[in-house]
Structure formats: C-alpha cells, structure tokens
Amino acid sequence: MNFDDTPQEAEFRATARAWISANAPKQYEDELRKSSLGRTALKSADILEVAKAWQKKKADAGWACLHWPKEYGGRGSSPIERVIWQQEEGPFGQLSRMFIIGHGMCGPTMMAFAREEHKRTYLPPLASGEKVWCQLFSEPAGGSDVAGLRTRAEKDGDDWVINGQKIWTSGAHYSDYGILLTRTDPTVPKHKGLTMFFLDMKSPGVEVRPIKQASGASDFNEVYFTNVRIPDHQRLGEVGDGWNVSLTTLMNERSAIGAAVSTGFPELFEYCSSLMLDDGPAIEDRAVRSKLANWAVKASGLKYTSMRAISALSKGERPGPENSIGKLVAGSMIQDVATYALDLQGASGVISGEDAELAGRFQAMLLRAPGTRVEGGTDEIMRNIIAERVLGLPGDIRVDKDVPFNKIPTKGRG
Amino acid sequence: MNFDDTPQEAEFRATARAWISANAPKQYEDELRKSSLGRTALKSADILEVAKAWQKKKADAGWACLHWPKEYGGRGSSPIERVIWQQEEGPFGQLSRMFIIGHGMCGPTMMAFAREEHKRTYLPPLASGEKVWCQLFSEPAGGSDVAGLRTRAEKDGDDWVINGQKIWTSGAHYSDYGILLTRTDPTVPKHKGLTMFFLDMKSPGVEVRPIKQASGASDFNEVYFTNVRIPDHQRLGEVGDGWNVSLTTLMNERSAIGAAVSTGFPELFEYCSSLMLDDGPAIEDRAVRSKLANWAVKASGLKYTSMRAISALSKGERPGPENSIGKLVAGSMIQDVATYALDLQGASGVISGEDAELAGRFQAMLLRAPGTRVEGGTDEIMRNIIAERVLGLPGDIRVDKDVPFNKIPTKGRG
Amino acid sequence: MNFDFSDDQKQLRDQARKFLTEKCSPKAVRVVLDGKAPYDKELWKGLAEMGFLGVAIPEEFGGAGAGHLELCVIAEEMGRANAPVPFSSTVYLAAEALLIAGSDAQKKKWLPAIASGEAIGTLALFEGKGNPAPNNVKLTAANGVLTGVKKPVPDGAIADFAVVAARIGSSGRDSDISLFLVDLKAGGVEVKSLTNLDPTRGQAEITFKDCKAEPLGAAGEGWSILTQVLDRAAVLCAFEQVGGSDRALEMGRDYALDRIAFGRQIGSFQAVKHMLADMYVSATLARSNSYYGAWALSTNAAELPEAAAAARISATQAFQHCAKNNIQVHGGMGFTWEFDCHMYYRRANAMALGLGSLSYWEDQLIDRMRKKNAA
Amino acid sequence: MNFDFSDDQKQLRDQARKFLTEKCSPKAVRVVLDGKAPYDKELWKGLAEMGFLGVAIPEEFGGAGAGHLELCVIAEEMGRANAPVPFSSTVYLAAEALLIAGSDAQKKKWLPAIASGEAIGTLALFEGKGNPAPNNVKLTAANGVLTGVKKPVPDGAIADFAVVAARIGSSGRDSDISLFLVDLKAGGVEVKSLTNLDPTRGQAEITFKDCKAEPLGAAGEGWSILTQVLDRAAVLCAFEQVGGSDRALEMGRDYALDRIAFGRQIGSFQAVKHMLADMYVSATLARSNSYYGAWALSTNAAELPEAAAAARISATQAFQHCAKNNIQVHGGMGFTWEFDCHMYYRRANAMALGLGSLSYWEDQLIDRMRKKNAA
C-alpha cells in the first residue's frame, strides 16, 4: 500500500507539471482556488474567454482530453494519466467546467455512435474548446424519469423535424452543438420509442432561454424546438434505440459529477480554525468540534474512496462501485455545512453578498446547495442506483413498463 | 388556553386521587418510578401477582376499564376521565402493562363483535384482571404484512379446527383467553379469506413457547396450534370478514402503544445533570448540551402533542392525527439516547447489569431499544400510515391485491 | 384542560388566512422578492385596517386589546403567506419592548402609530457576528446620545423608530446595558441596506453618530428587558415558522400528488412519502412546542424562558427541514426561481438566525432547564 | 499509487475468511454467547496454527514477520465472523505494547507465547468511567508493586498477562504515568468477571494488591507509549468494525432479497432499499478511512494519529449504523435471540466504547488535525 507513482507515472507527472507551470494563466490562480459552491466566476475577466484560451493552449500542446484518441484531438493517455493531469492542473481545472458536458458526455457518445467522418470533423474542435457542446435530455415532464420525455422527432424526407422543450441544459447559451434525445414513436412503451441525434445549436427554430435558479444565478437553460430540421446522418444509433445510446452518456455524467462534487468541509474547517465565538475560539468549542469531526470523516472517507478508484485505474483495473456514493454524501453534506457556517455567524449570518462574512461565501453555498441534491440524479435516484446496481436489490415496481407511452397518465389529480 | 381542569374534571380528579392514595400498593412506588425501557420487573415481588391484586382492587371499587360500560365491568366514564385516571395513577399504571392487550384490544373487539351472552360472561373478569387475554395475529411469514397469515381454520361440524403458528404474542404464557385471526379460505385474495375467533388458551392443542429476545429477556411467545377446536359461536364477525374485525383491534393497538412509549430523555437529562466528565460537569459541555437540547424539544414536542389530544377529549372532540407521530419519534430516539448515555460513560459503558453505572439502566435500554422500532408497526409502516392517512398520499403499489392467497410467492430467491 | 386555541381565536386565524390568501399571493410577495419595493405597503395598510398590527396592543394605546394568543394565530398566518412586511420587527420586537418598558408617553406616541400602520419599528441589537450577549453591545450611550454601528437591523431601512441596545458602563455586568428609543427620521443616523438571504425582509446597517435618544426603561435594566423581548419574540417567530413549515409541507404534498414520474404519482414512492411523513413529524413537534410557548406567553408564566427556547429550537428545525425537503420533493423545478419553494427556503434560513443562532438557543434551553430543576 | 492491499494480502484475507467460515460459524459463536465457554479455545488454537496470531510479530520472536497490512486484513475477517476470542486484547493491545516498548527479554518471553496461542494478553488501562487520560490513572506503582483497581479490562478473566498503566508521580504531567508488565497467574491480583454488552468478549475487574510488576518501557514514558498503542489499536479495531459492518449489510441485503411481504421481496420497497443503500455508504466511508489508517500504520507515517482517529470514528459509526439497521430490515425476527443480528449489534456497541468513546475520538481528531495544520 503506497501513494507513490510508478516510474512511468512519475515521469508523466513531471512533464505535466513542468508544462502547466510554464503555461497556466497564473494571474487567476488565487481566485480559482477560493471558489466554492455557488461562487466560481472570475471578477477580473470573462471566465468563458479565459477557459477557452486555456483549453486551446492545452490542445495545441497535446494536453486536451488526454484519454481520447489522438486522431480526435486527444493524447491517447491511460486513465491514470488523466487523473495525474487533473491533480497537477489543480485550481486551473476549474476552468474546464464549461467543457465537462461536452468532453465527458457528448464526446464519448459521438465516439461510440457517430459516423467516422463526423467524428473527425466534430471531435477535435470539441477537444480544443473551440466548439462547446451541450446535452439535451431533461424535460419539464421528465425529471428523474428521463425516458418520459415528450420532444417529438418526425421523419420528413431525409430530415427529422423536431418540436418540443428541453430543460436544465448547462451552457446552452454558449454552445455550438448539442446531443438531443427525442421521441420518435409514442405508441410503444416509453424506453422503446426514443432516438438520439446531434445538432447545430444555431439551427433555425432553436431558442435558448436562461432559467433563473432559486439561488438567483442562471447556470442552466430551457431550450425550445420549433420545427427544427436535423438531417438523418446526424442520428446517433438506430431509430428507437435512443435509450441505450443515452445510457452511455448518463453513465459518464454520474461518474464525472461525482468526482467533481465538493463537500464544503475544507472551507468550514478553515473558517472555524480562526473564528472567535462569543466565549472563545470556535475550534475549542466541544459542540463545534463534534460536528467538525463528523464531517471530517465523511470528507476524508470520500477522498480515500476516490483514491481507491484511482489505484484501480493505476493498475489497469476497472474501479469498483464505491465511487457511486460521492454525490449522495456530498450533496446533503454541503447543505448542512453551509447551514452550520451561518449558525456560527449568529444573527449576522443572514447578510449575504459582499458585506457578509468572507464576502458571503457560505451564504452563496447555502443558496446553491439545494441544487446539488437534484442535479445529475436526485438523492433518491442515487440510493436506488446503489441499492440496485451495487447491492443487487430489486428495481422499483414499474407500472409503465409495458404501457404505450401515449397511454401513460400525465397528471396525478383531477 | 389553559391546563386547568373543568369543575367536573377537578372533582373526578380529587376522587380518583383520594382513592389511589388510600389504596395503591405504595411499597412498590419507588421501584415502579425507576423502571425504564428494558427494565421493569419488581425485585421484591412477583409483578404479575402485584398487578392482578391492584387490578382486582380497582375493579371492586369501580376503577377498572373506566371507559367501558358498567355492565361489562367498567365505569362508563368519559375519555377525559380515563386520561385523568392515568395521570393520577402515575407509576402504578406500570402495573397495567400485562392488561394492555386485553383491555386495549381484545375487550373492544369482543364488545364490537361477540354475542351479548359472551360479553356478559367474559368482559367483567377481563376488566378485573382475574382473566388475562392475549392477541394472536402475527405470524413468522406475516410481519408487517399482517394479512399474509397462514394459520388455517377449517370447519368441522359446529367447530372450527385450527392448525398453524402465531408469534410475538405478549403474555401468552399467563393468558386465559385470546383472540385469534385465521385463514378460512386460501383461494381468495389475502384480505378476503380471514376469520376472527376467541378461544380458551387452555384448549387442547395449544402450545406456548417463550421467544428469547435479542436483549436476552422474553416478553413474547410463539403459540402453536395443532388441531385446536373452537366452537362456531366463538367466531367474531362473519366468515371471511376477519380483516375488518382485526382493524378494530389494530387501531386500538397503535394508539395505545403510541401513548405509552418512552423516549429515554428524562433519564438522560437526570443522568447528565450530575455526571462528571473528564474535564468537568457533563451538563456544561457544549456538545452534551447541544444533544440534550435537540432531544429535549422532541420529548417536549411529544408531551405537548399528547396534551393537544387530551384537550380534544376534554372538549368531547376526536383527537387529530398528530398523535400518530409518537411511536415513530420515540422509537429511534430512545435508541440514540441509550447509545449516547453509554458514550458518556467511556470504556466502562460496556459493563452491563448490576456492576454497571446506574445498575445498567442505559445498557438495558440499549439492548431493548431495537424492539421499539418494530413492535406495534415498524418505523416504515408508521411513516406509511402518516403519509397515507394523514397527508393523503397514495398507498404502496399492491402486487398481491387481486391474487388468490395461495398463488402469492413465499420466497424471494431460488 | 384546554390546550388549544379558542373558537374565537381559530376564527381569527381563518379570517387572517382568508385575508392573506387574497392580499398576499406569491405573486405579491415576488414584487418585494424581486426588489421592486422594499415591502408591501398595501398589505401593511390592510393589516392595520384588519386590526392585526395592534391585536396585542391595549385599547388605550390604539390596539384591539386582544392578547398574545390572538397574535400567535396571526403570526402563523404571516409565516404561511411569507408576508413581505416588517411585521416581526415592528410587532414582536419594537411593540413588545414598548409594552414591557415604555413610559406612558412613549407608549402613547408609538403604539397607536404601530396599530394604525403609520410607524414601522425595529430592534437594533446586533453588531456584526455573535449572539445576544451584553458583551456584544459596543455602541455607547452618553449624555443622551448614541455612538456606534448596529447590523443587521431587521427592516432597518424602512423603520421609523428603533429600540437600541447601548452600553452605559463597563463593569462586565448585565447592568452595563440600557435601552434607548430613537426616532430614525430625526437625523443622527446613517442607514445602509444590506443584501440578505431573504429579500422579502430587509436588513440594514445603521450608524449612530451622536444620535439623540431617549431612555426606554430604567438605566441598567436593558438586558433584562431585552431577554423578555427576545423570549416573547421567540414564541411569536415560532408561530411564523410553524406556518411556514405547514405551507412548505402542503406544497410538497400537493406536488407529490400531482406530479407523475415512471407512470405513477411520485407520492406513491416510499422515498417521497417518507420524506413528507418526516416533514409532518417535525412540523407537528414544532407546533406542539409552540402551543406551549403560547400558553406561557399568554399567561406570563414562570415557564416562559424554557418554553420560548424549546419553541424556538423546534420551530427553527422544522421550518428549515420542511423548506429544504419541499425543494427536494419538487426536484429540479423546486430549484427554479419561478417556483415558490425557494422563498420558504430563504425565509426559513433567515429566520433561523434572526434572534440568534440555533446553537445559542440550544445553550439557552439547557441553562433554563437547569434553573427550573434547581428551583 | 497503490492505495489497496496487495494480491498476497488479499489472498491472506480469502484464506482467513475461508478458515473462519469453517471454524467460526454463528453456531460456534453462540457457545460463548450463551456462556458455555469464556472463549473459543479451539478457534484460538487454530488461529495460532494458521499463523494469524503472530502475523505482525517478527520472526525472531516466533511470528510470521509479515506486517500490519496483513494484520489488517485478518482483523477485518475477525470482525466479519464476530470471532469469540481474545484477539484484539492480545494482538492489538498487548503485543503492540510489547513491540513498541518491550525489552528484548520481555519480547522473548511473551511474543512467541502470543504467536503460538499459549499466552493471552491484555491492556489494563481504564478505572471505571472516563476516557484515556493520564488523570484517570489512579492505580499506583511504587517499589515495583502495583496497587489499585482496573476495570473494565478486556478479556481480563482469561488473560495470562497484562500491560498495566500506573501512576508514579503527581506532577500533573504525562510523565506521571509508566507502564508495567504483570504476570496475572503469579498472584497479587483478584479477577472478577463483569457482565457486559457483548458476552462473546469478556470484561473483567482486576484488583492489584501489592502486585509485583516489571516496568515496560522507560519510567514516565507510559503515556506516550499508550498513545501509540491506542492509535494502532484504533486502526486494527476499525478493520474489525469494517468487517462487521459489511457482514451486517450482507445479512440485511440477503434478508431483503429472500423475505416476501405484501407479495413482494421487501427489498423492492424503497424504505428498505434506501436503508440498505445508506448502510453501504457508511460502510464504504469507513473502509476508505480505514485503508488510510492502514497505510499510515504500516508506514509508521506522521499522519498516523489523525488517520487513526478518522478510521476509529468512521468505522465505529458505520458498524453501529449497519448493525442497528440490519435488525430493522429483519423486523421482529431481527429482534430474536435466535437470529444472529443481535450479535453484531452487541459487538458494534461494545467496540464503540473499547478504546474510549466516540466523543473522545472526535475530540482527538480535531486536536490532531489542528496540530497537523499548525505544523
């Protein structure tokens, strides 16, 4: 048992470190390091521009999408090299957030299902950040039941005509392309009538509207489709096989988000280490210490769980199922942590924004936190996944399994 | 809003208090007051004998089963008078535990469904404690799914012949009679093939075996039936209507147990008030205080919830649904409280029995506590009841609803 | 025993609910939420006309002369409606302080103005981080003028007057603190609005610069009066929190009944059912603790300090729990600005801090239970 | 990076599991549980023959000379099997104390006897209520004899020797404490068995009456040695707790798959599924924290104090959580003596206290994190 690199890993790490040290946009390092849930933007510059510039620089030097094949803009690296890169990239990795969907979900789906010519055309600019992609699956009527989507695709000559509405689309307003899951046959059970496409987000009939979140910010969009035409050669997978295609995408989403999610603990521990309460240092208050200790072991438990997965990668093995706990644990934990951080501030905890303690870091976290228990799979869906896929327990009883989609009820009452 | 008695209530209370003061077995008061979950027996005497003597004395003076009609051994009192009696009876009420099933469940079921002659014969000695009754519903295969029971009753002339096994029968070994739920038709869906009886527990073919609990004690029994004969006139309700009959019984069970359940908080608060930890009084430790405060408001919340129900009774109203939370809250709370009490003792908390802190009060509580989350309806069943009956949410999907009982699978795997 | 509100009080509650359903729809709340008005003036006027602002103010001072139980049922409805008005600062804090310690002249000046909706009042206690404690009061009073900074002051930017806690000595005893009454429109103050978790209730920083002030209550009695004010406000806020909890629970329940996923009402999934059942449990515990607080408040019982702390803790927990899990029941939609869930989440988290933190009240509760046991 | 056990270590784990499945069935555990034997002598002998007792003892002292990682995987299996033998007291506490501080002669006398199963050892630290702290050690050492009472002493009634913490001064410093080695069969002690939560592991009260003892380690170094012993034991116990957690989770999972209620596997109800998912989460967090503890232990890293405390807390919580909810998944049957669920519940709650309480370790963790941050 050790935390040491193999000689090859050490060499790779040294090369990556040297390149990053010479090339990273260091002027933003401090700001990026201080970001936390609900507060990530750069004050001094447009984060999109900085991110695109950094991604392009990486791509030009062969450091973009490391695990992708070289012909599609990657480096052909091993999974462990990808992890080492992330470790070395450190706070600059925050700049990759706008590419996560494209690189983590759209890219792999294209790689698995698109025609060779499309792969060669679309993947390299996706890798280099010149083109940004989004994922168009969720719908207002769907929610956790992703396959309950209603956006229609109807064949018209060599094209498909799309009508409907998508929601929770990260980055749709700055995306160039998207992958889109549609219903092509509403007369068969819901999982069987779906088909996947990719499309140009600038196509006529696509309208993007930002969603204002409960926190006040707008990280997501609604996307409306009105008679949008997609040529059949942009279909991904067979007609009616969209659900299986989407599973490739969703698998990637859950593991990617799980790895990136934060617990708020380092921020809280740092805060408590210097905070004075009414009758002494917070860190010497037994109640504070007890809470911190309980969160500390969750945070370290998640950290070392992910180390176990990385070790598996390093040995060329497939990581076990234990990584599936990350999002579930961190999601509600960050909400509790933020709530407690405000509690420690007393009545003044209510103040948010620039006038607040730490410029409102924990207030922003509290307001953003409810989203963490929903996005990328609700807590309830995550528990189902653990129970079913890890523990082998039975699925929920599916009343809509053999029912034609258009016969499923859409309203619970009246 | 006030906690005062009405003039009639005050008069009733004074009369009850005077009689109790003159007649209660005061020599056991201290021991009864110190009882807690997992530890209720008297050291100095056989609690069954003491309980029977007290019940008989009450019955002779008209203080038994207050809300029952006089002709069946009661006093014809109002619900609020019953509550006032319980308040005044105080620790001596612990002696009624062995009669709870008979008085709270069997009696009401007999009153609703037995023939008049049977009521006049059986109810007065049940009220006076001369005869003890038990309830025979649960079976190993049933659990939360009470209606899944398999004990067969087959008609043979004017008798029914009973074969099968019951479990979790409190006090079966000292009971004279029991009410028994059986399956009379296994070819119809499960709720429809049940029939209720009452029987003499001394009938040939009845065998009672104590169950040793996880705590080491034996509060419950298994009861085996081998060709036990019950005359048809001891049937309660129609053939096939047993489920409806049993609902009368179970409704009473849940409200009765909910009212009686304890949280462990008074014991913990008392303990912490004098406990010295390694660096000072427990009650001055912030972590201890925080935990105590959180439990304190649960305990007081339950107390005042039950006061609200009593107020409704006092006004002649039906109490609202809020009392249904009692068992759910108290069940897991007492387990947490006991666990924490041992934590406060450090390594020596592992010692149980007479050599332990407070003669092992909290150790006994810890070992008995898992039962509180199961008996009288598991936590999960209680949440279902609150969700469905109080909040009006849909029931679970019932896959066995229209299936003949003998076609329902009995084993989950191979 | 009658541990319940009377029929008259329940009728008043129904009346308040009906009024607020009409006058304080979520749409109306959003005007303030979106920063288009500092508070709902029309609603405030309506509340005055209904007699709700002065319900616990004696008739001689222009109120309805009902009592605190009546105020409790109205508070519950204010919480349920998430009303965007300075009710708690004016009615629970400022008016109660005047009722406890005001001179006849002070009462005559301000209480009728409160009841009629003409004056908004507040309590200026906090000075940045920390909970209610004499040591945290640094603002000084000398020669009838106040110098120092208070923040956050609830509804401070719209208040006409403030009850201000000030330091008059440095003995380290509670008697170092006195209360003062300040007419905020008379000059000597600088008021700055602060961004806060719940935009439907403003918070401000108020700087007192040689600001003229008149004493409220006897010199050195400030902390003792404040303790009483905070206990009363704890009970009244608890009712607001109970109302908010119930509303959040109802919203979740309704959504669970209406929303279909996987071909079923989502309320038929045990994960959702049981989450709602647990919310009901919290809300019920909070309600019962709050009723006890109401009894103690209305009878001025010796149990008030303990009852107030228990109500405060239980109601704070319930509202935070229900507001948070109401969002979870709603899933992604619950996290949109468009849905109303976040208004209750904001209010729940802001109210959890307003009179001092949960940790502070936990500590208070244990102190008070010990005192009762020792007595 | 290789943050995992090696293939050889995993093979050893499989071997231990196979051995314990055969030799330590629940039926065998019940012999001790029901008080028919103080511990499983046959199993103890078998463990010695397999080389498990001396796996971390150097070859020169009769052990296998493997290491602590090997001991960790065996500990996990001991926990999984709920083995009714004095493994933790002898191997984690007594043997580790000897390895850290024993003279060559002391090691030669006791370590081979431990490895061969001939000697059972223990640590006599506690004296009634309280957690590990120099001030709690009242038993005195003077002129080579010990006087005082220790309780609870794990496996004290069957132990052949004990490492005893004794007071040699009253300066109020850690250096007041020394360790001593006592041959419990040599007289001068009175041993009384104590009833305890987990009858599969005995606890005793030992009274030392002018009992001869030889120093273990330098005078005044007792507390420093003890701290190291407890940290190592915390990691090793964590592996037992992880093994127990996993077994309790498996039992619950299996029952949820087999048991039918309402015509369905009970594991198809979300209430049951999600309870099991949450148990998996706890068990996984505990395992990962324990792996880090194992790394720190095996490399004698500076991170050991922090890693040990984190492993201890996480594994204690997980085992209590899994053992408790395994009973809940089983419903009424889980609360019978006949089903094995309560054995794990008893063990989980006993282990939560053995090295000091959870609260104690929470406090330790924060102290140690602060020290690391300061460094």
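A residue counts as buried when its relative accessible area is under 20%, and this cut-off is needed for the first stop of the tour through what is a predicted model.

Select Asp363(D), which sits in helix H11 of chain D, the helix that covers residues 358-374. Because its relative accessible area is 15%, Asp363(D) is buried. Then add Ala309(D) to the selection and draw the C-alpha to C-alpha distance, which comes to 9.1 Å although Asp363(D) and Ala309(D) are 54 residues apart in sequence. To see what else touches this aspartate, show Arg286(A) and Arg289(A), with both of which Asp363(D) is in contact once its neighbours within four places in sequence are left aside.

Next, hide chain D and display chain C together with chain A, where 52 residues of chain C are in contact with 59 residues of chain A. The two chains bury about 4,500 Å² between them, and 58% of that area lies on carbon and sulfur atoms. Highlight Lys129(C), Phe262(C) and Phe335(C), since these supply 19% of the area that chain C buries against chain A, more than any other three residues.

For the polar side of this interface, select Asp336(A) and Lys324(C), whose side chains meet in a salt bridge at 3.6 Å, N to O. Between chain C and chain A the count of salt bridges is 6, while 27 residue pairs, both members at pLDDT 80 or more, are in polar contact. Finish on helix H10 of chain C, residues 341-354, which with 7 residues gives the most to the side of chain C that touches chain A; colouring that side by residue class gives 20 nonpolar, 21 polar and 11 charged residues.

Conventions
Residues are numbered from 1 along each chain as its sequence is written. Chains are lettered from A and ligands numbered from 1 in the order in which they are written. This is a predicted model: local features need pLDDT of at least 70, side-chain atom pairs count only at pLDDT 80 or more; totals for chains, interfaces and linings use all residues. Side-chain values use heavy atoms; hydrogens and water are left out. Helices (H or I, at least four residues) and strands (E, at least two) are DSSP runs, numbered from the N terminus. Buried means under 20% relative accessible area, exposed over 50%, partly exposed in between (1.4 Å probe, protein chains only). Contact means heavy atoms within 4.5 Å. Buried area is the accessible area (1.4 Å probe) that two parts lose on being put together, summed over both. A salt bridge is a side-chain nitrogen of Lys or Arg within 4 Å of a carboxyl oxygen of Asp or Glu. A polar contact is a pair of N or O atoms within 3.5 Å; within protein, one must be able to donate a hydrogen and the other to accept it, and residues adjacent in sequence count only if both atoms are side-chain atoms. Ala, Val, Leu, Ile, Met, Phe, Trp, Tyr, Cys and Pro count as nonpolar, Asp, Glu, Lys and Arg as charged, and the others, Gly among them, as polar.
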